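Dear colleague,

Please find the structure I promised to pass on to you. My notes on it follow below.

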Amino acid sequence: MVSQTLELNSSENNQIAGRGLLITGLIIAMLFSALDNTIVGTAMPRIVGDLGGFSLMTWLTTAYMLTSTTVVPIAGKLADLLGRRTVYLAGLLIFILSSMLCGLAQTMEQLIWFRALQGIGGGIMMPMAMIIIGDMFTGKQRAKWQGVFGGIFGLSSVIGPQVGGWIVDSMNWHWIFFINLPVGILATIFIAMGLRGQRAQGPVKFDMAGMITMIIGIVTLLLALTFGGKEYAWGSWQIIGMFAVSAVSLLAFVLIEARTSEPILPVRLFKNRTFTVVNSIGFLMSVGMFGAIMFVPLFMQGIVGISASASGTVMTPLMITMIAASMIGGQLVHKIGVKIQMVMGMIVMAAGFLLLTTMNIDTTKLTASGIMVVLGLGMGLVMPLLTLTLQETFPKSELGVVTSSSQFFRQIGGTFGMTILGVVMNSKSDELLSSQLVPKLKQLPDQAAGIADQLAETIHTNPQGLYSTLLNPETLAQFPKTLADQIVPIVKNALIESLHSVFWFGLVFVLLGALLTLTLGKIKLESRSGKEEATAPEGAME
């Protein structure tokens, strides 16, 4: 009897130790993968200065986004088929190897290809932490831990630029990638020790046709949204062609998924109201969310008149509040319920967007920071619940697919948001600047005709760049004072009105998401039996 008790205690201690190692590994892996993009953004000027290829600079971000977004749903399905341990460790190893290759890159073209490979590793890692949390904990515990991990992701946005700046200033840009090696190896060791494997029962069938059609459909869609209105006109054959290829490929994907035995994203899931509603909320919230993240810094630089680095600090309260709200929401949700908390969060977020529409030429940095607090509170209350709700609705056998779907639809929503709100911004700016600024430019003396024509052309092609140029103190110093006094009020007024249009559009998407939350049914946080939770196939090491 005593011997059996000792053996049980020893087994429990091993499980606790394994779970501790696993959670530590998950935290390290999520933090260093989430930090990567913000650090790379900070180091971009140094990279371009060293490697050249200024015209290719945007591909450093685009290549990563394309591969990471595309691989997310595939990773979720593979995690269900092959087991969490195999897929997660593969993603970690790809990320570590590609980080080393990025650090060794000698040309911009090499770096872009290695960033695309890094995106595959990052896309595998993105949903895996939430999937494993879904395996390890009961409903109420999941809410807490997903809030914590959501906070970690938000933290990376706050500290990423500072870490990136320190690495570049202290060493060189190569180390923003090399730093991933020791950190990634440590995370890999902890996860390998703490996460037990699971062998698939019977032959594993890969939906290759579904994978290929989905990859073609998503990549062409993202490329069209990325380059439309920038590299090519929206009505150009290149953009229309990409949209057409995407539509055909995604239609083929849906038809294939309806017939295959192991679909990447089972079509039948969309018949579940909770699945469709929750992913739609995540999509709409992400569309609106980028209205704040993208355009508030432009407002602060152009209207309030603070530097680019200082305008970035205005976003810090949003991230900090989002982190705090995610953690508090994880504790609060089991008291008030998923639906009520999600409704509250969406309403608070909508209130934040309504406040954004009130910002004007007299808005201070403090006022803007206060609005960011409101937005961060709303986002933090909602974001962890999107994954949690799906995990509580579906059986463990589909945990990987439904968890990765949540991440996937949010990423697609973010891309749509950047595109749609960017189009709104440029369209309104073109209208206002053409009617108000162009007549002023035509009144300039003949010797200034070249500058006037250049500015008029920029109004149609890159109004955001025009704002950055004309509202830059150093650029304005080159203009005669009388001319600057005429131009600046027009440009500032156009920027304010254009941003108000963006924020109103963002508010519409958030309100649509808020209305959808009202259609959610009651979600119980402990929907699985204690036996099923206790015998989860993958979690802490036995």
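**Helix α2 against helix α8**

The contact between these two helices joins W59, T62, M65, L66, T69, T70, P73, I74 and L78 of α2 to M211, M214, I215, I218, V219, L222, L223, T226 and F227 of α8. Sorted by class, this α2–α8 contact holds 14 nonpolar residues, 4 polar ones and no charged ones. Please bear in mind throughout that the model is a predicted one.

Helix α2 covers residues 59-82 and helix α8 covers residues 208-227. Their axes come within 10 Å and cross at roughly 150 degrees. Angles over 145 degrees count as roughly antiparallel, and α2 and α8 are therefore roughly antiparallel to each other. The crossing of this pair is right-handed.

One residue of α2 may serve as a point of entry, namely T69. T69 is buried, with a relative accessible area of 1%. Its C-alpha atom is separated by 8.7 Å from that of V219, although the two residues are 150 residues apart along the chain. Once residues up to four places away in sequence are set aside, T69 touches L222, F408, Q411 and I412.

**The protein as a whole**

The secondary structure amounts to 21 helices and 0 strands. The protein has 542 residues, and buried residues make up 53% of them. Among contacts with a separation of 6 or more, 84% are between residues 24 or more positions apart.

**Helix α13 against helix α14**

A second pair of helices is formed by α13 (residues 338-356) and α14 (residues 365-393). They pack at an angle of about 150 degrees, and their axes are 8 Å apart. By the cut-off of 145 degrees, α13 and α14 are therefore also roughly antiparallel to each other. Here α13 passes α14 in a left-handed crossing.

On the α13 side, the contact is made by V338, Q341, M342, G345, M346, V348, M349, A351, G352, F353, L355 and L356. On the α14 side, the residues are I371, M372, V374, L375, L377, G378, M379, L381, V382, L385, L386 and T389. The classes in this contact are 19 nonpolar, 5 polar and no charged residues.

**The nonpolar cores**

Two residues of that contact, L356 of α13 and M372 of α14, also appear in the largest nonpolar core. This core contains 117 residues, and those touching the most other members are L26, Y88, F149, I191, L356 and M372. With neighbours within four places in sequence left aside, M372 is in contact with V296, V314, M315, P317, L318 and L356. There is also a second, separate core of 21 residues, which includes I39, I112, A116 and V168.

**Helix α4 against helix α15**

How do the axes of α4 and α15 cross, and within what distance do they come? The axes of α4 (residues 108-136) and α15 come within 9 Å and cross at roughly 140 degrees. An angle between 115 and 145 degrees falls outside the parallel, antiparallel and perpendicular classes, and α4 and α15 are therefore oblique to each other. Their crossing is right-handed.

In this contact, M126, P127, M130, I131, G134 and D135 of α4 meet L399, G400, T403, S404, Q407 and Q411 of α15. Its make-up by class is 5 nonpolar, 6 polar and 1 charged residues. Q411 of α15 is also one of the residues that T69 touches.

**Two further residues**

V423 belongs to helix α15, which runs over residues 399-436. What is the exposure class of V423 at 36% relative accessibility? The partly exposed class lies between 20% and 50%, so V423 counts as partly exposed. V423 and G228 are 195 residues apart in sequence, and their C-alpha atoms are 9.3 Å apart in space.

V277 lies in helix α10, residues 273-304. Residues under 20% relative accessible area are buried, so V277, at 8% relative accessibility, counts as buried. V277 and T517 are 240 residues apart in sequence and 7.5 Å apart in space, from C-alpha to C-alpha. Leaving out neighbours within four places in sequence, V277 is in contact with L516, T519 and L520.

Yours sincerely

Note on methods. Residues numbered from 1 in each chain as written. Predicted model: local features only at pLDDT ≥ 70, side-chain atom pairs only at ≥ 80, totals over all residues. Heavy atoms only, no water. Core = buried A, V, L, I, M, F, W, Y, C linked by side-chain atoms within 4.5 Å. Buried < 20%, exposed > 50% of the residue type's maximum accessible area, 1.4 Å probe, protein only. Contact = heavy atoms within 4.5 Å. Axes fitted to C-alpha atoms, helices over the stretch in contact; angles between N-to-C directions. Helix = DSSP H or I, 4+ residues; strand = E, 2+ residues; numbered from the N terminus. Parallel < 35°, antiparallel > 145°, perpendicular 65-115°, else oblique. Left-handed = near helix turned anticlockwise from the far one by under 90°. Nonpolar A, V, L, I, M, F, W, Y, C, P; charged D, E, K, R; others polar.
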